[in-house]
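Please open the model in your viewer and keep the selection panel at hand. The stops below say what to select next and what is there.

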Amino acid sequence: MSSVQVDYAKPAAGGRDLTLQAWARVPQAPGPAERAAQKARAAELLREHDAVLVAHFYTEGDIQDLALETGGCVADSLEMARFGREHPARTLLVSGVRFMGETSKILSPDKRVLMPDLDATCSLDLGCPPDEFEAFCDANPDRTVVVYANTSAAVKARADWVVTSSCALAIVRHLADRGERLLWAPDRHLGDYIQRETGADMLLWRGACIVHEEFKGIALELLREEHPRAMVLVHPESPAPVVDQADVVGSTSQLLRAVIDGDADEYIVATDNGIFHRMRQLAPGKTLIEAPTAGDSATCKSCAHCPWMAMNSMGGIIRALETGAGEISVPEPTRSQALVSIERMLDFVAEHPGSVVPAYRGHVAHLGSA
Ligand code: 13P
Ligand code: SF4
């Protein structure tokens, strides 16, 4: 096991940004024989413990395959939350980053929620500390507080609404149509994109995803010249010069659906390359090209793969199920308060099934667990 250091941004007083350091553990990759044995053992443990595996598209391929082979799901963060809440299993094994496990626990307090590594975090969550966020909200009491799902339970507890990238545009448009002025946190790029699309009055927190922020607009232009027929798929955590070149802007599920349904032979994809595993399975024969980043760096910041998603290993799943390690707990009253803003989102999506397909060129319907 080694570790990488990661720089991330956090807003500070006076409109400045601080650069802070975090770290991520890098699990050792097992050899082929051990991989197969670990996968079989994990499947056996899931059965024994009445557990279901809820995995994100950015986790390693074997974990995604195990989830689907054992009746779990591989999905975006909205669908992970919905799947975990609906599934009857007593234990949810959430493979992703910490906020995903917390959301599952908030929605299913009577289930045991385990994660392969509780230190798997997210730069958006780290860049939005609850006490500083609280002060930001207190300073703007006339604004409706909308937060991205990539936040701690305490930040969600302070919010009026939680949104994910699948439904953010539709929910903000709905609130803006009601004449509400918004406070948005933490992703500045997603906030900026939504603001430009909806014209909503939004005051933005200045956090960023360390993975998507590395995609580069000028390099993407050059790549598109080399592949003039390629469709460009972009996750909206990317900066505006990248988003502005997209044929499709959407959540991970929406980008996956775009590859499955798209007429093009080639796709330039600006999101974590963990999603290529499922794209290759569901759209074999199509050519997938990673959108350009700043290139190799000392950390894996610029490698289009989230260092915290990479902390999820099959060994971690086995350890969690064998020992009960990695259990998520969310204290009261934070849990009940956060539940209100998450349920508002889930109710909105249930009541407006077409709402996650906004009237915007290239958006696609929510795909579910694919
Ligand atoms: P999705 O909800 O689109 O899966 O995004 C979650 C995430 O963390 C993207 O970086
Ligand atoms: Fe957070 Fe970015 Fe990793 Fe997604 S890819 S979990 S937004 S750091």
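Select ligand 1 and its shell, in which two residues are nonpolar, six polar and two charged (Ala, Val, Leu, Ile, Met, Phe, Trp, Tyr, Cys and Pro count as nonpolar, Asp, Glu, Lys and Arg as charged, and the others, Gly among them, as polar). Among the residues around ligand 1 are Asp76, Asn150, Cys209 and Glu237, a residue being near if its C-beta atom, placed from the backbone, lies within 6 Å. This is a predicted model, where local features need pLDDT of at least 70 and side-chain atom pairs count only at pLDDT 80 or more, while totals for chains, interfaces and linings use all residues. Residues are numbered from 1 along each chain as its sequence is written, and chains are lettered from A and ligands numbered from 1 in the order in which they are written.

Next, select strand β7, residues 144-148 (strands are DSSP runs of E, at least two residues, and helices of H or I, at least four, numbered from the N terminus). Four of its five residues are buried, so β7 is largely enclosed by the rest of the structure; buried means that 20 or more other C-beta atoms, placed from the backbone, lie within 10 Å of a residue's own.

Add β9, residues 182-185, which pairs with β7 in the parallel sense over four bridges (pairing needs at least two DSSP bridges), and find Trp184 of β9 opposite Val146. In β8, the bridge partner of Val146 is Trp161.

Finally, select the open sheet of four strands, ordered β12-β11-β13-β14 with parallel pairing. Here β12 and β14 stand at the edges with a single partner strand each, so one side of each has no neighbour in the sheet.

Key:
A residue is buried if 20 or more other C-beta atoms lie within 10 Å of its own, exposed if 12 or fewer, and partly exposed in between; C-beta atoms are placed from the backbone.
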